[in-house]
Amino acid sequence: MDALAAYSWFGQLSLVVSVVAVCWTMVWQNLEHIRLQQFFARNFNRRARRLAAIVDPFLSVTFEEYEGGRIKSSDAFKEVRSYLTTASTRGVRHLRAESGGERDGGGGDRLLLSMAKGEEVPDAFRGATVWWSADAVPPLRDAVPWSRASRTERRFYRLEFHESHRDLVLEEYIPYVRKQGRAIMVQNRQRRLYTNIHREGYDDGWYEDVWTHVPFDHPKTFDKLAMDPEKKKEIIADLDMFRNGKEYHDRVGKPWKRGYLLYWPPGTGKSTMVAAMANYLKYDVYDFELTSVKTNTELRKLLIETKSKSIMVFEDIDCSLDLTGKRKTKEEEDDKDDDDKDADPRRGGKKDAKSKVTLSGLLNFIDGLWSACGEERLIVFTTNHVDKLDPALIRTGRMDKKIEMSYCDFESFRFLARMHLDEDVEGHELFGAARALLQEVNMVPVDVGEHLTRKSVDDDAATCLARLVKALEKAKEEAAKLEAAQAAEEDGAKGIVVQAKADDN
């Protein structure tokens, strides 16, 4: 009887164990779905953070130099850096010096000072004290060799503050810092002339700086530009409309940009027109060298790194890329791709050093989705052969204003005479002779100005005018000879045709 009871008890125990095992299996499977280790770790970390907040109640915000996967410089970083040029100089032992801007009549000997790496400075705002520090992460040793991160430090600023001031710092102090930083950037702004650089071996464009620059100190202004006064007023009015057109562009949903096409023969003042526009608007100038841009992707990276209030210049666009011929068919593009592959040096061919920037890539750069990356920018094309450009490149919407840079006319000549000779010479006999010749001979303003320039201290207005008249007379004779030669050639061709018809008869 005792054995029977023991057996019954053992059976009941086995049943209970089986039920528990089944239940545990079901529970464990569900626990695996919710990742039990992470569940316990998360709860532990929460309690650890609460304990750490009691010991160290300070929070931090980091402003890194680049954003968007290091594809674009951070505006917030630049604004903080500008703000710290004034806020950080009060109690810092080690400072970083940079050249001054245009305030007080230019850079001169003035320096902009900010704290060096590793320094820390306090700042007060509405009763709260915060701390700024500057630091940098060294280059990554195991990064891909061609990446920017493998060759440059990743700089950043860190802002630390007490947790009790969280709302004040995030909602009021940081916007205040950025606003003040922008104001200081405008105040200390030094206008620059940029050009794009390309380093062999970095075809993807990921290097420290895609632009290199020098101060923009070109002296040409509209007051010194030889051009018909009415046309000059028209251009200035158009620039004013653009500069004050933010509200209009926002209302109609257009990127705040405008395209200019400057065309006509060399020496008519296309480059000096760009300089006058930049000086009038007080914009930076980006001189695009398209032959050194290897791909459409690299072209987009250049666009992203341009600043607002700038002029993007593509000089001699008809010579920069193959934009003058007929568009290639799909089959021709495929054949070209095959040729490029055959020319791959890894396959024993020659390296193709030509730019792979296409017309489509340039059009998207000017008027596509990427063109909205930034605002208040002019895009200027210059060309000597406007008839050779693809119509899609210069249509309205891409090139909104087309300016014909003509040969020297009377108004331009009168302006150049006053500017170079520094006296009123309109009553001079040679002035009238030069004026009459300019109506018969095409001469560009730069050549007229060169002839009117005094070559020595003994030169007077009469000498300069005589030199110009002589050059115009010589140009008139050469033009007459060329016209006579062309006429003779045409007459000869007609004679050959007539003789051929006579022989056929």
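## Before we start: buried and exposed

Here, a residue is called buried when its relative accessible area is under 20%, exposed when it is over 50%, and partly exposed in between. Glu450, with a relative accessible area of 43%, is therefore partly exposed. Please keep in mind that this is a predicted model.

## Salt bridges

Let's stay with Glu450 for a moment. The side chain of Glu450 meets that of Lys455 in a salt bridge, at 2.5 Å from N to O. Lys455 is also partly exposed, at 45% relative accessible area. The total for the model is 19 salt bridges.

Another of these pairs joins Arg182 and Glu79, with 3.3 Å between N and O. Arg182 sits in helix α4 (residues 166-187) and Glu79 in helix α3 (residues 75-87), so the bridge links distant parts of the chain, 103 residues apart. The two partners differ in their surroundings: Arg182 is partly exposed at 41%, whereas Glu79 is buried, with a relative accessibility of 6%.

## Helix α12 and its charged network

In helix α12, Arg414 forms a salt bridge with Glu411, and their closest N and O atoms are 2.7 Å apart. These residues are three apart in the helix, about one turn. Arg414 is partly exposed, with a relative accessible area of 22%, and Glu411 is partly exposed too, at 26%. Both belong to a network of salt bridges that also links Arg418 and Glu426.

Arg414 has a second role to look at, in the packing of α12 (residues 410-421) against α13 (residues 429-438). The axes of these helices come within 10 Å and cross at roughly 145 degrees, and the crossing is right-handed. From α12, Phe410, Phe413, Arg414 and Ala417 meet Phe431, Ala434, Arg435 and Leu438 of α13. By class, that contact holds six nonpolar and two charged residues, and no polar ones.

## A seven-stranded sheet

Turning to the strands, you will find seven of them in an open sheet with mixed pairing, in the order β10-β9-β12-β13-β14-β11-β15. Strands β10 (211-215) and β15 (401-404) are the edges, each pairing on one side only. On average, neighbouring strands are turned by 20 degrees against each other, direction ignored.

At one edge, β15 pairs with β11 (residues 257-263) in the parallel sense, over four bridges. Tyr260 stands opposite Lys401 of β15. Helix α7 (residues 270-281) lies across β11, β12 (284-287), β13 (310-314) and β14 (377-383), and runs at about 170 degrees to β14.

Conventions. Residues are numbered from 1 along each chain as its sequence is written. This is a predicted model: local features need pLDDT of at least 70, side-chain atom pairs count only at pLDDT 80 or more; totals for chains, interfaces and linings use all residues. Side-chain values use heavy atoms; hydrogens and water are left out. Axes are lines fitted to C-alpha atoms, for helices over the stretch in contact, and angles run from 0 to 180 degrees between N-to-C directions. Helices (H or I, at least four residues) and strands (E, at least two) are DSSP runs, numbered from the N terminus. A crossing is left-handed if the near helix is turned anticlockwise from the far one by less than a right angle, and right-handed if clockwise. Contact means heavy atoms within 4.5 Å. Ala, Val, Leu, Ile, Met, Phe, Trp, Tyr, Cys and Pro count as nonpolar, Asp, Glu, Lys and Arg as charged, and the others, Gly among them, as polar. Two strands pair if DSSP finds at least two bridges between them. A salt bridge is a side-chain nitrogen of Lys or Arg within 4 Å of a carboxyl oxygen of Asp or Glu. Buried means under 20% relative accessible area, exposed over 50%, partly exposed in between (1.4 Å probe, protein chains only).
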